[in-house]
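Here is a short tour of a structure for you to follow alongside the sequence. Keep the 3D view open and turn it as you read.

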Amino acid sequence: MAEQILDVRDISVARGDVPIVYDVTLGVQPEAVTVLLGANGAGKTTLLDGIAGLAKTTSGTIGLAGQAIAGLPTYRRAHAGLGYAEQARTVFRSLTVEQNLLVARTGNGDLGTAYRLFPELERRRALGAGHLSGGEQQMLVLARALLGEPKVLLIDEMSLGLAPVVVRRLMSAVRELTSLGIAVLLVEQFAHLALEIGSRAYVLRKGRVVFEGPCADLAGDDDLLKQYYFGTAEDPAEHDDTAEKVAAEGEAR
Ligand SMILES: Nc1ncnc2c1ncn2[C@@H]1O[C@H](COP(=O)(O)OP(=O)(O)OP(=O)(O)O)[C@@H](O)[C@H]1O
């Protein structure tokens, strides 16, 4: 496998004293999108929180561009180059779009780059961010993350509540992030769209990696995906709407 810019080895993550993620090994390659999939409750957010230092890792190592970061507080992981667009992350609604970007800028972060990626935001630069649509707010979240100049960006379910056409737009922006030199670890319920832009995929079930391989191996195969999400025989007690979402998304394509 190619060199990895984010090298997660055997990490276990707990919420309080409750173990949620077990012995996960995962690699993110430079300038590529790595996709992390799994049913609701599989532990995806917990894993990202563990990598970012927002949840307690009880074992394992995390390397970011060769630097060991597992023992560092969250802000130092950010300084080392780890960006995190958290699930349901919001913008400063009372500030304008441009003020939101200025507040997020570190070092040499260039607003021009953010506006080239999202011309929608440039057109609304003087507008209060609270007046943006849901999709535009998510663009602003990504643009703010970009201005933190991350080497690796963790993105957690940016499509929550958005229409598929908007999600497609966001996905193409995520792909462009990689051409700016940013590696992405993408958690996404719209699995097909994520697999279209990703190179490598991982599927998490009950806190463990049950699939690792090229996105192409999962793309277009709903049955295989469901099998990895739920196991060969789905346990009705664990049922959630993810399978329907995968199927509905397939039909909508
Ligand atoms: N703060 C917490 N304290 C205790 N348990 C938690 C906490 N947060 C999440 N959990 C539990 O951890 C498990 C994994 O949740 P997590 O949010 O990481 O999953 P996920 O794969 O991101 O799911 P979703 O797609 O619903 O966000 C779930 O069973 C959840 O109930």
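The sections below go from the overall chain to the ligand, the sheet and a few backbone details.

## The chain as a whole

Please keep in mind that this is a predicted model. The UniProt record, an unreviewed entry, carries the annotation "domain: ABC transporter" for residues 6-231. Over that range, the chain is 36% helix and 28% strand. The C-alpha atoms at its two ends are 28 Å apart.

## Around the ligand

Which residues surround the ligand? They are Arg 15, Gly 16, Val 18, Ile 20, Gly 38, Asn 40, Gly 41, Ala 42, Gly 43, Lys 44, Thr 45 and Thr 46. Two elements give two or more residues to this shell, namely strand E2 (18-28) and helix H1 (44-52). H1 supplies the largest share, with three residues.

Sorted by class, the shell has seven polar residues, three nonpolar ones and two charged ones.

## An open sheet of six strands

If you follow the sheet from one side to the other, the strands come in the order E6-E7-E8-E3-E9-E10. The sheet is open and its pairing is mixed. Strand E6 (82-85) and strand E10 (208-214) each have a single partner strand, so one side of each has no neighbour in the sheet. From one strand to the next, the twist averages 15°.

At the E6 edge, four bridges connect E6 with strand E7 (residues 152-156), and the two run parallel. To find this pairing on screen, look for Ala 85, which stands opposite Ile 155 in E7.

## Strand E9 and its neighbours

Strand E9 (200-205) is a good place to zoom in. This strand is mostly covered, and six of its six residues are buried. Arg 200, Tyr 202 and Leu 204 point one way from E9, while Ala 201, Val 203 and Arg 205 point the other way. Both sets of side chains belong to buried residues, the two arginines included.

On one pairing, strand E3 (residues 33-37) runs parallel to E9 and is joined to it by four bridges; here Val 35 stands opposite Ala 201. On the other, E10 runs antiparallel to E9 through six bridges, and Val 203 faces Phe 211 in E10. Helix H9 (residues 222-230) lies across both E9 and E10, and runs at about 45° to E9.

## Three unusual backbone angles

Most residues other than glycine have a negative phi. Where does this chain depart from that pattern? One place is the hairpin of E9 and E10, which has two residues between the strands: Lys 206 takes a positive phi near 50° there.

Ala 65 is another case, with a positive phi of about 50° although it is not a glycine. This alanine lies in the loop between strand E4 (56-64) and strand E5 (67-68). Glu 149 also has a positive phi, near 50°, and is found in the loop between helix H6 (134-147) and E7.

Are these two loop residues buried or exposed? A residue needs 20 or more other C-beta atoms within 10 Å to count as buried, and 12 or fewer to count as exposed. Ala 65 has 17 such neighbours, so it counts as partly exposed. Glu 149 has 18, so it is partly exposed as well.

Definitions and conventions:
Residues are numbered from 1 along each chain as its sequence is written. This is a predicted model: local features need pLDDT of at least 70, side-chain atom pairs count only at pLDDT 80 or more; totals for chains, interfaces and linings use all residues. A residue is near a molecule or strand if its C-beta atom, placed from the backbone, lies within 6 Å of it. Ala, Val, Leu, Ile, Met, Phe, Trp, Tyr, Cys and Pro count as nonpolar, Asp, Glu, Lys and Arg as charged, and the others, Gly among them, as polar. Two strands pair if DSSP finds at least two bridges between them. Axes are lines fitted to C-alpha atoms, for helices over the stretch in contact, and angles run from 0 to 180 degrees between N-to-C directions. Two residues are in contact if their C-beta atoms, placed from the backbone, lie within 7 Å. UniProt positions are given in the numbering used here, feature names are shortened, and annotations may be inferred rather than shown by experiment.
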